[in-house]
Amino acid sequence: MTPFIKSLPRRRRFLLVIPALALLVWALLPPTKLNSPRPLFSNMKDSPGKSSDKYLRYVDPLIGTVNGGHVFPGATLPYGMAKAVADVDNRGEAAGGFVSDESKIQGFSHLHDSGTGGSPSMGNFPIFVHPGCPEDNYTQCRYSAIGRAVARIEDSATARPGYFAISLNNSVHAEMAASEHTTLFKFSFSQDDDVVSHNEVVPNSPLILIDLNDLGNTRSGGDIEVNPQTGRISGNGTFSPSFGTGSYTAHFCADFMGAKIRKTGTFLSDNASDQIQAFGKVATNFNIPYGTAGGWVHFERPAAGPITVRVGLSFISVQQACQNAEKEIPRFKFDDVVKASEDAWREKLSVITPDHTGMSNEFLTTFWSGLYRALISPQDYTGENQLWESDEPYYDSFYCIWDSFRAQHPLLTIMDPEVQTKMVRSLIDTYKHEGKLPDCRMSFSQGYTQGGSNADVVLADAYVKNLTDGIDWALGYEAVVSDAEVEPKDWSTSGRGSLENYHDYGYVPFDDTDHNGTGPMSRSISRTVEYAYDDFAIALMARGLGHKDDEAKYLQRSGNWKNLFNPGQDDKYMDELGDVVQSKFKGFMQPRFRNGTWHYQNVRLCSPIYAQHSCYFDTQYDTYEGSPWLYTFYVPQDMASLVTTLGGRETFVERLDFFHASGINYMGNEPNFLSTFQFHYAGRPGRSSYWVHQYVPAQFNASVNGIPGNDDCAMGAFTAFAFMGFYPVAGQDVYLLTAPLFRQVSLRTPSGKQATLRVAGGFDAPDYNNIYIQSAKLDGKPYNRSWISHDFFVRGGVLDSVLGSQESDWGSRDEDLPPSLSTGLL
């Protein structure tokens, strides 16, 4: 998660009687009346709804478009740069552009991020379509984002892979599709001579404008040019990232088809002119002021059919934007672009083949939609890198790795290793040219570092799983060692801070004095435990690359979590009567001074039950987006030692159960994912299965608010793993096994073989009374370990399990537990 302040769940608003009746009367108007919905909808008979594909039909991109999910639901390819959707004026929720609420539509833009927190991201160069202008005068149309915004027709939004559509109450119906670097829009209009737009009767003569601005209203400078003969509008602007520092420049090139041109021109704010066809530094040496500015084309009423708008995009130049458009969509064939996008999504998702037997539509929609969201970002900007020239791939929108390293990148390693390999190469190339691996990156800019240097874990995960094609592992190792040893001058956006004290004391002190760099002097607990695990990941790479001394050093540092464990710390809280009480659990991560004494942070602070929204990037506290309760469990390198530290298996299970049952856990944040499965380390994998079923479908489901927090392309990865019956320990060659929600699911390996997880007995979906593994076999031989290695997803095989309604002793013996450093297995 990345916000400074997260969106709280919004309350439902009651509809007033009078507007409801007015809407009903409007809907029943005869077709001859202005803006009756029936003639508009009659033109939409061929508009696609759900896909007919056996898997794509279960993808609902609208899941997560309310309540802080911030999912981008528009048209895009897997990892595509071009992302087209309707943008709303709900600034608090519009990080992904569209929100499934009652906010107004202020445009249709072409570049977006998905599932992020922070401020609204990208949304550059929005198109807006007026069906006509008052008095048939272009100067009377509304050009500013606030003035032009218009309500949508309720429940008219339609989304599926590669396609998005929505109807506006100004009689315009908008459909959109996308190729790699180009968006394509199809705007349909009423058949009436006159329509109502912004409560005024206007002649049916569309005016289409393109605004240079973005969702965050961050543009500075730029250029706009309109060709009065062809109608082509092109331009650019420089913008700020939504959760970081720096700036980026974007370019566009828009062409139109479907109606004759009446006039063209430009606008500043709400002031439009047909005398000025270009302005900006290039055309007039005029610095376009901050705010709304752009170009427009006024059309005659379309003789037949829609107006189609093609928008090429580039981060290099207007010329390259035009070339992208002409190369990728030369003939404006909307259905062909949609089909090509569907084919691309089908190919990516076809790696996984589940048996749908017994599964409800809701569960199938939850699974396939989650898998789909995991492939929206990072985005492939190869060939569009405006910062340096390189033959390496360039991926952007690692937004943020703190979120994605835990589930999304391990998922891509299994289902799309070719692309994950390219992402690793891109990260290493970023280090080569900028001096540090990013922890967060968007729009060619350095995002804020939320905890550790977690790209270290992404690289280690790829290394231990033998991704090799084109990866310079010597340079990759240099990059992670730089994170561990070299503090940057500004560690708020890359690398680690407080390194001198971390090395000297074995933890980040609460009273840290850092003279080597600058950054937020907070989060000492979460940074310490993440630095420790990052060091463990580096140790695994050192081992494989033959750096024995480094291996020993980083393994030693991986134990630094112990230095912030205060065995005497109580769990005190205020009960419903206002009395201070405490639970039975003692011993938590706590902030510590340089002299070794303890500072205090309430162990429930930053959880849903106590001051949850006080621990973001600008926090004064010692944990980031989670409580000391949560971070006490973050020792994936040595869970056996943690289990012992917390009192042994039985006490550990009791404590972890309490964490999930008490309301302290918040599944809307990615660090909480792994805790769902950590019962494995105490010999109770059945409890992990139990909690999977508590969260699916209660918090991960097919409703429009079917995810518990910002998606980050990671909520979908968690969902996919939960359904398939295994979960990664990122950075390790370890997947924790739980009961699959499918009767069978097969994953195609790089060699073309199948890795199949199959319920051989006891499968009882949709009731799911049998959620506990009783026994298992791997390729026909008894298999008692509660985990499996990546080799299974490379060579293929069949893992059979028998399920029952009660926990068994499967996976409970010492030799069955997942590996830990202190047991000599890692």
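Reader: What makes the contact between the side chains of Glu 815 and Arg 813 a salt bridge?

Author: The distance. In this predicted model, the closest N to O separation of the pair is 3.3 Å. The cut-off is a side-chain nitrogen of Lys or Arg within 4 Å of a carboxyl oxygen of Asp or Glu. Glu 815 and Arg 813 therefore qualify.

Reader: Why is Glu 815 called exposed?

Author: Its relative accessibility is 52%. Exposed means over 50%, so Glu 815 passes. Arg 813 has 39%. That value lies between 20% and 50%, so Arg 813 is partly exposed.

Reader: What makes Asp 53, Lys 339, Asp 343 and Arg 346 one network?

Author: Shared partners. Salt bridges that have partners in common join these four residues. The structure holds 39 salt bridges.

Reader: How do you know that Lys 186 and Glu 175 form a salt bridge?

Author: Their side chains meet at 3.7 Å, N to O. The limit is 4 Å, so the pair counts. The bridge links distant parts of the chain, 11 residues apart. Lys 186 lies in strand β7 (residues 182-188), and Glu 175 lies in strand β6 (residues 173-178).

Reader: Why are Lys 186 and Glu 175 called buried?

Author: Buried means under 20% relative accessible area. Lys 186 has 19%, so the label applies. Glu 175 has 3%, so the label applies there too.

Reader: What makes Arg 441 and Glu 434 a salt bridge?

Author: Their closest N and O atoms are 3.0 Å apart. That is within 4 Å, so the pair qualifies.

Reader: Are Arg 441 and Glu 434 buried, partly exposed or exposed?

Author: Arg 441 has 1% relative accessibility. The value is under 20%, so Arg 441 is buried. Glu 434 has 31%. This falls between the two cut-offs, so Glu 434 is partly exposed.

Reader: Now the helices. At what angle do α11 and α14 pack?

Author: About 35 degrees, with the axes 9 Å apart. Helix α11 covers residues 455-464, and helix α14 covers residues 524-545. Their crossing is left-handed.

Reader: Which residues of α11 and α14 meet?

Author: From α11, they are Asp 456, Val 457, Leu 459, Ala 460, Tyr 463 and Val 464. In α14, their partners include Tyr 533, Asp 534, Ala 537, Ile 538 and Gly 544.

Reader: How do the residues of this contact divide into nonpolar, polar and charged?

Author: The contact of α11 with α14 has 11 nonpolar residues, one polar and two charged. Gly counts as polar, so Gly 544 falls in that class. Asp counts as charged, so Asp 456 and Asp 534 do too.

Note on methods. Residues are numbered from 1 along each chain as its sequence is written. This is a predicted model: local features need pLDDT of at least 70, side-chain atom pairs count only at pLDDT 80 or more; totals for chains, interfaces and linings use all residues. Side-chain values use heavy atoms; hydrogens and water are left out. Helices (H or I, at least four residues) and strands (E, at least two) are DSSP runs, numbered from the N terminus. Buried means under 20% relative accessible area, exposed over 50%, partly exposed in between (1.4 Å probe, protein chains only). Axes are lines fitted to C-alpha atoms, for helices over the stretch in contact, and angles run from 0 to 180 degrees between N-to-C directions. A crossing is left-handed if the near helix is turned anticlockwise from the far one by less than a right angle, and right-handed if clockwise. Contact means heavy atoms within 4.5 Å.
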